[in-house]
Each structure stands twice: as C-alpha cells, then as structure tokens.
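Q: Please take a close look at one part of this model, the place where the two chains meet. I would like the criteria stated along with the values.

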Amino acid sequence: MGLLESLGLSRGSSRVASTKDDELFGDDFQRKLDYLALVSKRVFAGRMRAERRTKKSGSGVEFADHRDYQPGDDFRYLDWNVYQRFERLLLRLYEEEEDLAIYIIVDASASMGFAGGEKLRYAKRLAAALAYVGLANLDRVSIVATNDRVMERMPTTRGKARIFKVFRFLSSLEPSGVTNLGDALKTFVAQNKRRGLAVLLSDLYDPEGFEKGINVLRYNKFEPFVVHIVDPAEGKPKLQGDVLLYDCETGDEREVTVTAKVLEKFSAAHDEYTQSVARFCATRQVSHIEASIEIPFDELILRVFRRGGFLR
Amino acid sequence: MLPFALAGLPLAQLAAIFGVAGTAVVALYILKLRRRTVAIPFSPLWQKVLKDKEATSLFSKLKRVLSLLLQLVLLALLVFALGDPRAQAVIVKGRNVVVLVDASASMQATDVAPSRLAVAKDEVKAMIRGLGGADRMLLAQMDAVVTPLGPMSGDTGELERGLDTVAATDTRADFARALRFATDTLRGLERPEIVVVSDGHLGEAADSFGAVHLGDVKLSYVKVGKGKNNVGITQFSVRRYPLDKSRYEVMLELTNTGDVDADVELELTGDGQPVDLTKLRLRAGERLPRFYPNLSGASRTLEAKISFAGGGHDDLPADDHAYALLPERHRAKVLVVTTGNMYLDAALLLDEYLDVTEATPAEYVAKYATGGDGAKKFDTVIFDGATPATPPRTNAIYLDPRGPGSPVKVLAELKQPGFDKIDRKHPVVRFTALDDVNIARGHKLEPEKEDKVVGASEQGPILVAGSRDGHKFVALGFDIKDSDLTLRVAWPLFLLNTINWFSDDDASYLSSFRTGDVWRIPVAGDREEASLKLPSGVLTEVPVHEGRAVYLGQHAGFYELAVTPKRGDAPELAGPATAFAANLLDVEESTIAPLDTLTVDGKLAGPLEGFHVGVRREIWIYLLIAAALLTALEWATYHRRVTV
C-alpha cells in the first residue's frame, strides 16, 4: 500500500482526479512518488544535511552554531556552560524554521507538445514529482504554466493532501502559443513577491533567447533551477530530400533539401544548443540539469536530489 | 535546306510527341517541386544550419532550371532519334552492295594465314563495319552454286552472322551464275555495286546464255592471297580390266602450277595399304601424267596422295589428295542351254566371276522352262541354237534364234552377211573389232520398234539388242560356228560385255565424281529419298528422282549412299549401300597465283572504296549515346547534390 493510500488520499477517493491523464498520474506513478518522498528524506538526513543548513540564526529549537557575544545581543541565548568552562561569552545560534517557497514553472508552449507532446508529458510528471516532494516537506508549492505569458497558475499550497490539486492542474495543461520566457517570467516575478526556488521545466526553444527568462529570475532574487527537457530524436530528425519545414510555434516556413551532410550539421547545431544552455547555467551558478525524455522520470528526480539545491 | 532528312517519323509528328511529352515532363517537374511539409519544433536551429546555403539560393534556383532544361534536352534528343535523322546526301544515295565471297577450293590456300577464306571473311567483316547508315548489303557464298547468306540488310549483326556461315568447298566457282544472281538482285536499286572477294581465279564470266553484262553496276574486286606454289593431282582414274576384273589400271596426272621446280612423293594406296610410292620432280608449270597398268591387290578404295620431300607442303593441300573406287565385282549366274559348244565354254571360262551352269535344251525344258520361272535365279541365259517356246523371265542371249520363241522375228536366210554397220557406242560391242568377221550364213532379224540394231549387214540386221517384259536380250542372227568370230578376241569380249550390260556392271563406270557437279547416282527400288553419308561422316537425306539420287557434291572424299526404307517397310528392303568417290581434279583451281585484276564484261573491277570502319551514318545512334551520357551526367550530379 502506498503512502497516499495510507493517508486516505489515493486516486480512487478523489472525485476530481482527471480521467484524461489516468496514465500520466496513475497508480504506478503515485507509488513512485511515495518512493521518491522516502528516498528524499533519507538523502536529506544523510550526507546532504550540512549543505542544507541555514546560516541564519533564529528562534527554532535546533542548535546551529556559536558566535561571539556582541553588545546588544539577547542574554537569553548566552551559553553559560561554555562561559564556565572557557570564560568566553558565546552566543548560541538556532536554525530558524522557515517554510520554502517552491515555484514550478512549466513551459506549455507549442514546441513542448511537438511529436505527440512527449516533452510536455515528461515535464508534467517531473513537476508532479517535485511538487509532491515539496508538499511532503511542508513547503509552499506553486505551479505556473507559461508560453509567452503566464497561461495558468496554481495558487500556493502546502501539505501532501494537495497533491491531487497539483494533478488536476497539470492535467488541464495543453500546449499552445509561442515561447517567450522573458515576458512570461517578468509577469511571474511581478505576481510572486515571495522569493524562493523557481524550477523551470522547459525545452528552452525560445526564439528571443532562453537566457532572458533565466536572467529575469536571477535578477529578481529567485533561485532558478533549470530542468532542460530534451528529446534526443529532435537532434536526429528522420528527413530526406526536398521538404518544406515549418515552425510549429511561429509558423515560419523554409524550403530545404535535406542531405546526410545537412542532417549532420543540424545534429551538431542541436548538440551545441543544449551545451550552450549548460554553459550558460554553469557560468552563472544556476542549477541546471538536462532531462532527456528517454531517461525514466524517477531516475531523473533522484539525480535532481543528488545534485542538491532543490530543497533547503 | 536542312543538312539532314528524317527517315523515321515526320517532323510534325515529332513536334507533337515533343509537345505532349515536354508538357508531361514540365508537369512532373512541377509536381516534383511541391515539397513535403514537415513540422519542426524550433526553426532557428535550421536557420543556423542553412545560413551557408542561403548565400547561394540564387544559384540553387538556377540549378533547378538547369535540371529542367537538362530533362527537356534529353527528351528532345530521344524524340529526334525517333525521327531517324540522316544526312541529306546519305539518305538519297545509300548504296546497295552484293558481296560475292569466293568459297572455291583455291580459297583453302594457306599462303596467307590462316587461309585465304579466313582473310576474305575478315575483309568482308571490315566492309560490314564500314557500311554507311543508308547502305544495304547482301552476302553470298560463291562456289559451284551461289548461296545468299541472308537478306539485303543494313544490320551489321545480321550480316556478320551470315558471314560466319561461309565455309570452303572443294569446287570451282561458278562466277557467271554468281554475277547473274548479283545483277538480278541489284536490278532497280540505287547505287548498285558488286564486290568480289576472291583470289581472282574465277574463269570467264560467261555461261550457256552468253557473257554476263553488268550494265551500270559498279564492280569492285578485293584480292586475297599472294602465294602460288602448288602441286596438285589434276587427274585420277581407275578401271578394272574387262577380261580380268581382279586387276586394274590407274591413270593420274600431277601438275605443278607454281613457278619453281618441286620434288614430291606420290603415294598410291589401295584399301589403306600402300600400292606404290614414287619420287617425282616436276618442273615449274609441268603436267606429268602417270600410268599404273596391271595392278592388283586392292578390291575397293584407291587413294593418291602427294607430299613434299623434306616434310614441307605447298600452299593448297586440298588438291594433294585424290580418291577413287574400283567398280564393284559380283558373281553373275549364267545358264548355258546348248548341245555342246567349246567356243562358248572357253569364252565363259575367262571371267572367274561367272558362275556357269550348262543344260541341254531338253534339260532346260524339263527343269527351267516351266512357266519360265526356273530360269529366274540366273542373271543370264544363253540359248545356243535352241530357242525356247516362251522367253525366260531373265536376261537372255540368243545365238542363232529360230521359231516363234525368238524375241525378234527371224526372216530370210542371208548368204555371207557381215558387220557392215555397227553401233559402236553400244556397250555390247565396246572394245571389239567386228568389221572383218566372216560369216558363212545367217538370218535377217526384224527388230521391234524399241529394239536397237547393234550390227547389220547390208542385207539386214544380224545383231539386235532390246528388252521384253523388263528383261534385256541380245539376239545374234547366225550360228557362231558358221563364222570366224569364235577365233577372235571380239567373241569373249562380246559375251562378257553383254553379260555386264545385263547386270549394269558397265565398263563405263566412273571411278570418281567431280565436285561441283550435280551427281545422279542410280538407286535400286522406287524410293523418293536416300541417305547419303558425307566424307565428314555426316548423314544427309537426298532426293531420288527417276531412280537416281540427286546431290550437288562439294567436298572430295568417299561417299556412301543408302536407300532409306519407306515407312512401314521391312528393314531388309533398305538395300545395300552404294559407295562412290569425289575429287576436285581441276587445274584451274590448282592454279592458285592470285590475279591482280578482274575483268567482267570488258569492265575492269575497281578497288574497294567507301567503307570506313567505325563511321556509321545513322545519327540516331549518336543521339541515343548523347542522351545516355546526359543521363549519366545528371545521375552523377544528382547524387553528388550538384543539381539539387
């Protein structure tokens, strides 16, 4: 029995569970979410704890560190035991308990629905999984769908029980419109004053440049986490001869005679594009992960956790 | 005026075809330009890739137009080829050529390697390959007959296949017949020409109809051969002695047609065994007859062969070998009905191949005369002064016949008749001298309409030959004992001649036939076909006409003729095989020095001209080649993405 079921929150008990995305968020998927939630706890409780410790002292119950007393500090936090032993006035610091704001931004432009919408489907699953982990940690989770604007927005929510709200929201997303992350994320930051982790799930096929959108997040103190959804088949299109190419977002047309040489060049250009995304994120200390849709989503989620930076 | 004319489809039709096909090509081309539409997720990536190509987009468009133009040019070439265009000069004046390839015996000469005939065929092959587009040619083999080797054609493949069938024969060429064939073939055709490929030894171009007239037909002569050293057997004959058929004599003649003396060995073999070997020296141009009397040993075949001293050979081996067959000997059964005649008995004893039975007239009546059937088993019955009441059902000699049983009427008695008139060509009196035979008395014979009077005195016929009911007879109108005929050599000769005549064992037997003639070989029975075994061993069916198998022999050697049984006949009715020999024996063919010129009808044959190998005047071939090359070019450029 899964965790959700033990809480009486299984899909069968929900009247609003989407029948459309039965397969997308089915029983198997939910079982995997339970597993991921458990694994994530173990990961945080283990080797990753030091990295996650906040530097901020606060009114929490968990001891964090000592520091030298300075005039004006609250006497209540002086550690008298240390004073007795070392005759130094040291202040006890406690971790401030703070709930994290997690924004999951799903690119729902037309290019994400290309070739049967496999990329969008993959993004939805990733979004659901990350949202579940966030909810399980009692973080504040919000999901936003964008194309060249903020298409839809799921208000901030908290608690595992809200996962079906997440499912419903994600299920209702349909790919459409042109990608413009810059404009869309400007709207997003304007709507969300509370800063936090902004997970961007996108193929980053932005004619205006993917950098704009990420920079908007960076400049507005969000902590961007870029999940670059990649369909490897797009790098090796099965084309031959004289064809008329049209862009599924912009509708731009172009006559091309595809030869082996042209395909080779295109494949190289595609690889270069994904590498340029990685390069951009690395140079700007933006967490980035390349999510090939050929990799099972749960494996990818674990990879995300291991990279760190997702949860405090 | 256009430099060419269309021998195929007319121009208007070609234009229509080009119009329709061209429209189709353009339509297909436009269809080809309608590209398949393919969606992509992110066009900027493609723009990056195609940035270089964009720089040459104008050139790309030009290339596409070029591709269409290339296809239209291809179409134009193919349509134009359909019109079969030919140069004006050629289409009006295509030549019609009959090539006479000499396949006579002299063309077997090996003075040019490998043989004159092979060289002649090479020459003709070169002519075929040098034919113009509008030229047409007919090949004919010229030997004892003229054999066309195919129809008048401009198809080089067909002509070359015909040429391959040319084979040498052991005959002389019938030049007049070949020329008449050629002139008849060329009558009414444009630019007629006869090309003779030969060594020039063709004889006069005349036959029984007179000299051949060429008219306005051009005559060209291609000389083949260069050597002239040859010694050949130009005569070869053998015969048995009439009175001793176990012995025979041979006559042959050797001729040195070259211009240097030659030492040769002449070998004579009988039934495969050597009979004689002689070394001879023949001066240049000498004809040397040789006579071999009184030979014995061989019973059937005789061959003469010459070889050169020192193992060398002359230029024409075909005439170094001659063949002959001795006449067949068979035992004749003779019944003599006499009361006793020593001269008759003595004469019949001379031929050991006679199986003689003697009977008195009374015995004949008792044993053989019943219905005449009793005498049927004999080849000949001789009635010496005893004439039967009914004639026997076989051949018969009547000596002094009397009474109603005589085949001819016996009239008044003649006093001292003589052979004043003799039919010397008749076989029964061959080699005899009867003019001074003395006869005391005799009787005048009255021949019937079909009978032949062989000898007659001034008073009337005394020697008559003829046939009754299919059986031959000879009647002598006097008793030989009343004459001095019995004391002369003519008596046994007369008897044996008569017996031979009865049995068709003719002393005029030919020991060999001559190649190139139509042979008529007697065939027993009323068959319509006979089977002839050639010297090469090949069996061929020959027709039988009026009791004789008819065949045009072209090769020297021994032949065997067997009667083909009719369907349903018993095998034994096939009859015995008849063998005979054939020889070239022709001085004209043995003279192999090639002639530099050829004159026919007072016209000197000119050299061959107008045949240029490798130049076909059929433009459509070049159009097709051009189309093929363009297609190859288009294919290569397409696959290398030059034109796309």
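A: The account below starts with the interface, follows one helix and one strand into it, and then turns to each chain.

This is a predicted model, in which local features need pLDDT of at least 70, side-chain atom pairs count only at pLDDT 80 or more, and totals for chains, interfaces and linings use all residues. Residues are numbered from 1 along each chain as its sequence is written, chains are lettered from A and ligands numbered from 1 in the order in which they are written, and side-chain values use heavy atoms, with hydrogens and water left out.

Chain A brings 31 residues into contact with 20 residues of chain B, where contact means heavy atoms within 4.5 Å. The area buried between the two chains is about 2700 Å², and carbon and sulfur atoms give 65% of that area; buried area is the accessible area (1.4 Å probe) that two parts lose on being put together, summed over both. On the side of chain A, the residues that lose the most area to chain B are A:D242, A:R254 and A:F266, together 21% of what that side buries.

Across this interface the rule finds zero salt bridges, a salt bridge being a side-chain nitrogen of Lys or Arg within 4 Å of a carboxyl oxygen of Asp or Glu. Six residue pairs across the interface are in polar contact, both residues at pLDDT 80 or more. A polar contact is a pair of N or O atoms within 3.5 Å; within protein, one must be able to donate a hydrogen and the other to accept it, and residues adjacent in sequence count only if both atoms are side-chain atoms.

The elements of chain A that give two or more residues to this side are β8 (241–247), β9 (253–258) and α10 (260–283). Helices (H or I, at least four residues) and strands (E, at least two) are DSSP runs, numbered from the N terminus. The largest share, eight residues, comes from α10(A). By class, the side of chain A that touches chain B has 16 nonpolar, six polar and nine charged residues. Here Ala, Val, Leu, Ile, Met, Phe, Trp, Tyr, Cys and Pro count as nonpolar, Asp, Glu, Lys and Arg as charged, and the others, Gly among them, as polar.

Within helix α10 of chain A lies A:H270. A:H270 counts as buried because its relative accessibility is 5%, and buried means under 20% relative accessible area, exposed over 50%, partly exposed in between (1.4 Å probe, protein chains only). Apart from neighbours within four places in sequence, A:H270 touches A:Y205, A:V230, A:D231, A:E234 and A:G235, as well as B:L45.

Strand β8(A) pairs with strand β2 (residues 36–40) of chain B in the parallel sense, over five bridges. Two strands pair if DSSP finds at least two bridges between them. In β2(B), B:V38 is the bridge partner of A:L245.

As for the chains themselves, chain A has eleven helices and ten strands, and 53% of its 312 residues count as buried. In chain B there are 13 helices and 36 strands, and 48% of its 644 residues count as buried. For contacts in chain A with a separation of 6 or more, residues 24 or more positions apart account for 76%. In chain B, 71% of contacts between residues at least 6 apart in sequence join residues at least 24 apart.
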